[in-house]
Amino acid sequence: MYKLFVIAALVAVAAAQNPQDAQAQVLASDSVVNPDGSYNYRYETSNGLAAQESGVGGQSAQGSYSYTGDDGVQYQVSYVADENGFQPQGAHLPVDGPAPDHVLKTLEQIRANPPRDDPNFSMDALNAAIARLSGKK
């Protein structure tokens, strides 16, 4: 009973946001999952939502999605998700400025003396973070 109430509440909130969203129809939808774990999907709805993604399950993904904002502007986001995390790009998204010098200095110290007992440490991820935070993409 509780689950039914939560689902009904979520549907009511979603419908209250934009009446067109409650009436949206799926215009296109495709998906493929391969035995090797690779996949791709895409969909488009009548209220202007669209998305597509491809990847290898649990390892990496790349894709994009678009939607119409409350201001009537069409927004598009492209992304990559991998060992470096979720990395979205879009003209409307803020861009990191250079990090403070003390942060870069600390990251450089970690690069010079990487942890030896952390199996999750990735020098590639650290190098990418330093490049991103220093403004040297």
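**Exercise 1. Strand partners**

Which residue in β3 does R42 stand opposite?

*Solution.* Begin with the source. This is a predicted model, where local features need pLDDT of at least 70, side-chain atom pairs count only at pLDDT 80 or more, and totals for chains, interfaces and linings use all residues. Residues are numbered from 1 along each chain as its sequence is written, and side-chain values use heavy atoms, with hydrogens and water left out.

Step 1. Find the elements. Helices (H or I, at least four residues) and strands (E, at least two) are DSSP runs, numbered from the N terminus. The protein has 4 helices and 6 strands. Along the sequence they follow the pattern α-α-β-β-β-β-β-β-α-α.

Step 2. Find the pairing. Two strands pair if DSSP finds at least two bridges between them. β2 and strand β3 (residues 50–56) run antiparallel and are joined by 7 bridges.

Step 3. Read off the partner. R42 stands opposite Q52 in β3.

Step 4. Check the turn. The hairpin of β2 and β3 has 4 residues between the strands, and G48 there takes a positive phi near 95°.

**Exercise 2. The hairpin of β1 and β2**

Describe how β1 and β2 are joined.

*Solution.* Step 1. Strand β1 (residues 26–33) and strand β2 (residues 38–45) run antiparallel, with 7 bridges between them.

Step 2. Pick one facing pair. S29 stands opposite Y43 in β2.

Step 3. Look at the turn. This hairpin has 4 residues between the strands, and G37 takes a positive phi near 95°.

**Exercise 3. The surroundings of S66**

Is S66 buried or exposed, and what does its side chain make a polar contact with?

*Solution.* Step 1. Locate the residue. S66 is in strand β4 (residues 60–68).

Step 2. Apply the cut-offs. Buried means under 20% relative accessible area, exposed over 50%, and partly exposed in between (1.4 Å probe, protein chains only). S66 has 12% relative accessibility, so it counts as buried.

Step 3. List the contacts (heavy atoms within 4.5 Å). Leaving aside neighbours within four places in sequence, S66 is in contact with G48, L49, A50, Q74, Y75 and Q76.

Step 4. Find the polar contact. The term means a pair of N or O atoms within 3.5 Å; within protein, one must be able to donate a hydrogen and the other to accept it, and residues adjacent in sequence count only if both atoms are side-chain atoms. The side chain of S66 makes such a contact with the side chain of Q74, at 3.4 Å.

**Exercise 4. Aromatic pairs**

Classify the ring pairs Y65 with Y79 and Y67 with Y75.

*Solution.* Step 1. State the rule. Rings of Phe, Tyr and Trp (its six-membered ring) pair if their centres lie within 6.5 Å; planes under 30 degrees apart count as stacked, over 60 as edge-to-face and the rest as tilted. The count comes to 5 aromatic pairs.

Step 2. Take Y65 and Y79. Their ring centres are 6.3 Å apart and their planes are at 45°, so the pair is tilted. Y65 lies in strand β4 and Y79 in strand β5 (residues 74–82), 14 residues apart. Y65 is partly exposed at 34%, whereas Y79 is buried at 9%.

Step 3. Take Y67 and Y75. Their ring centres are 5.5 Å apart and their planes are at 25°, so the pair is stacked. Y67 is partly exposed at 28%, whereas Y75 is buried at 17%.

Step 4. Join the pairs. Ring pairs link Y65, Y67, Y75, Y79 and F86 into a cluster.

**Exercise 5. The core and α4**

Which helix gives the largest share of the largest nonpolar core?

*Solution.* Step 1. Know the term. A nonpolar core is a set of buried Ala, Val, Leu, Ile, Met, Phe, Trp, Tyr and Cys residues joined through side-chain atoms within 4.5 Å.

Step 2. List the members. The largest core has 6 residues: A99, L104, L107, L126, I130 and L133. α3 (101–112) and α4 (123–133) each supply at least two of them. The largest share, 3 residues, comes from α4.

Step 3. Look along α4. Its residues L126, A129, I130 and L133 are buried. Seen down the helix axis, the buried residues fall within an arc of 100° (taken from the directions from the axis to the C-beta atoms), so they line one face of the helix.

Step 4. Find the cover. What covers these buried residues includes α3. L104 is in contact with A99, I130, L133 and S134, leaving aside its neighbours within four places in sequence.
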